[in-house]
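Student: Could you take me through one part of this model up close? I'd like a single connected walk rather than a list.

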Amino acid sequence: MDVVSDAISVVHLGHPSSRRLRIGGSWCTRLEAYEGAGFHVVLQGGCWLLPDGGEPVSLGTGDAILLPHGTGHVIADAPVDAGAAARAVPFERWIEESGPRSRPPGGRDGTDMLCGKYWLDCSRMHPLMTELPEVVHLPNRVGSHPELRAAIELLAGELDERRPGSAVALPNLLDLLLVYMIRSWMSETTTGVWPAALGDPVTAAGLRALHSDPAAPWSNDRLAAETGVSRPTLARRFTALVGRPPMAYLTWWRLILAAGLLRDTPDTLATIADRVGYGSPYALSHAFQREFGTTPGRYRAESANRTLENGRL
């Protein structure tokens with residue numbers, strides 16, 4: 001896979017949850033912080049969002065917003081200040097007790113929006129994910145992010161009328177939405193480390209090779225030949241942009257993959273060692289404990305317990 005796909009896949013757990021809201025009148029509700037990423041897409045109308053510790057954001061028709069670190073926030077029909085935030089009704093209670101006041105689909109007043117969460121394992125995140133800002137606001141501008149706009153339109157159409165196959169289409173469209181929101185952020189940011197790394201042809205080629213086959217017997221010489229530059233050139237550019245030399249990054253990535261396999265599969269340690277490029281279970285266990293401070297067996301048990309405690313979002 002490529003770096004962005006791998007960065008999402010290694011932390012992505014289960015299916016995203018989502019809720020369609022058609023809201024009229026005056027309203028103000030709070031969503032607490034959680035282990036995952038939250039999103040809102042305004043299909044019609046508008047609203048305001050106030051993230052914990054941040055500035056209020058105005059959202060209009062077609063806007064998308066991603067909270068990649070599960071930041072707690074308030075959403076409301078009007079500008080939100082600290083006083084309004086303190087009076088906000090918890091989201092689940094708001095849904096159960098007063099509910100989002102319904103309005104006819106296609107009505108001109110009120111707001112029509114999609115809210116949801118992605119359940120993520122935040123304990124072993126790729127740095128591409130960790131460097132995402134607390135709030136990624138992607139306004140609906142003419143000509144901007146056509147793939148994201150198309151995904152939003154497909155989602156709106158799928159939600160308007162549940163058709164055969166919706167149970168498969170909806171979670172996949174929501175996953176696609178996450179990819180396009182991250183892509184859109186990468187195309188707009190001027191300060192991100194990973195957009196710069198993936199924009200450099202040499203570093204991007206090296207990362208692509210390592211992620212395509214992490215279990216291969218890579219060496220600096222082999223990777224330099226793969227990227228078409230000298231070993232010193234590869235080492236200099238890769239290290240400057242990624243923050244680790246190529247082989248150190250590969251070691252780290254192999255262990256992240258091993259952690260994911262321990263969490264998500266019943267595979268034996270020997271099978272996992274072979275899949276991620278280690279010659280023996282002992283070699284993997286030693287490297288894993290050095291990196292994570294725990295044994296693979298304990299990590300697997302702790303991951304299973306954490307999954308049971310969190311449940312599905």
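Tutor: Let's start at Gly293, which comes just after H13 and takes a positive phi of about 75°. Keep in mind that this is a predicted model. Now step back into the helix itself. H13 has twelve residues, and at 1.5 Å a residue these should span 16 Å; the end C-alpha atoms are 16 Å apart, so the two values agree. Which residues of H13 are buried? They are Leu284, Ser285, Ala287, Phe288 and Phe292.

Follow the two Phe residues from there, since both pair with Tyr299. Phe288 meets Tyr299 edge-to-face, with 5.5 Å centre to centre and 70° between the planes. Phe288 sits in helix H13 (residues 281-292) and Tyr299 in helix H14 (residues 296-310), so this pair ties together parts that are eleven residues apart in sequence. Phe288 and Tyr299 are both buried. Phe292 also pairs with Tyr299, but here the rings are stacked: 6.2 Å centre to centre and 20° between the planes. Like Tyr299, Phe292 is buried. For context, the count for the model is ten aromatic pairs.

If you like rings, there are other places to look. Trp194, Phe238, Tyr249, Trp252 and Trp253 make up one aromatic cluster. Rings also meet charges: the charged end of Arg222 sits over the ring of Trp218, 4.6 Å from its centre, and Lys117 lies over the face of Tyr34, 4.4 Å from the ring centre.

Technical notes. Residues are numbered from 1 along each chain as its sequence is written. This is a predicted model: local features need pLDDT of at least 70, side-chain atom pairs count only at pLDDT 80 or more; totals for chains, interfaces and linings use all residues. Side-chain values use heavy atoms; hydrogens and water are left out. Rings of Phe, Tyr and Trp (its six-membered ring) pair if their centres lie within 6.5 Å; planes under 30 degrees apart count as stacked, over 60 as edge-to-face and the rest as tilted. Helices (H or I, at least four residues) and strands (E, at least two) are DSSP runs, numbered from the N terminus. Buried means under 20% relative accessible area, exposed over 50%, partly exposed in between (1.4 Å probe, protein chains only). A charge sits over a ring if NZ of Lys or CZ of Arg is within 6 Å of the ring centre and within 35 degrees of the ring normal. The expected span of a helix is 1.5 Å times one less than its number of residues.
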